[in-house]
Amino acid sequence: ARRLIIVPDATGISELISHQETGLIVANNPESYVEAIQWALDPSNAEKADQICEEAHNVVLSKCTLESHISRLLNIMDEAISAD
């Protein structure tokens with residue numbers, strides 16, 4: 001089963017997760033987590049939560065491939081070599 005991702009708003013997180021598209025980004029305090037969990041458990045939000053999970057799954061399948069990982073590593077090595 002796919003799970004809804006709830007993460008704190010931290011440096012770089014928006015590069016990985018889009019709020020209410022591929023997960024929920026919350027402030028780094030207990031109240032924000034409680035609010036997000038209550039939203040996720042509310043049956044009236046089930047369809048939207050399922051859509052978020054499905055989109056996150058699709059993003060992982062399309063972006064987290066061996067080919068894309070190798071490409072990113074090669075780009076990092078190119079940048080490191082160019083910096084010398």
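**Exercise 1. Determine which secondary-structure elements the protein contains and in what order they occur.**

Solution. The predicted model contains four helices and two strands. Followed along the sequence, these elements give the pattern β-α-β-α-α-α.

**Exercise 2. Establish how the radius of gyration of the protein relates to the globule rule.**

Solution. Step one: the radius of gyration is 17 Å. Step two: for 84 residues the globule rule gives 12 Å. Step three: 17 Å is well over 12 Å, so the protein is more spread out than a compact globule. The spans of the C-alpha trace along the principal axes can be set beside this result: they are about 55 × 25 × 15 Å.

**Exercise 3. Describe the burial, surface and contacts of the protein.**

Solution. Begin with burial: a residue counts as buried under 20% relative accessible area, and 19% of the 84 residues of the protein meet that description. Turn next to the surface: the protein exposes about 6,500 Å², of which carbon and sulfur atoms supply 56%. Finally, take the contacts between residues at least 6 apart in sequence: 44% of them join residues at least 24 apart.

**Exercise 4. Locate I70, classify its exposure and identify the surface patch to which it belongs.**

Solution. First, I70 is found in helix α4, which comprises residues 66-83. Second, the relative accessible area of I70 is 42%. Partly exposed residues lie between the 20% and 50% cut-offs, and I70 is therefore partly exposed. Third, I70 joins L66, L74, M77 and I81 in a nonpolar patch on the surface. Together, these five residues have about 510 Å² of accessible area.

Terms used:
Residues numbered from 1 in each chain as written. Predicted model: local features only at pLDDT ≥ 70, side-chain atom pairs only at ≥ 80, totals over all residues. Heavy atoms only, no water. Patch = residues over 30% accessible without salt bridge, like charges linked within 9 Å, V, L, I, M, F, W, Y side chains within 5 Å. Areas by Shrake-Rupley, 256 points an atom, 1.4 Å probe, with all protein chains shown as cover. Salt bridge = Lys/Arg side-chain N within 4 Å of Asp/Glu carboxyl O. Buried < 20%, exposed > 50% of the residue type's maximum accessible area, 1.4 Å probe, protein only. Rg over C-alpha atoms; globule rule 2.2 N^0.38 Å. Contact = heavy atoms within 4.5 Å.
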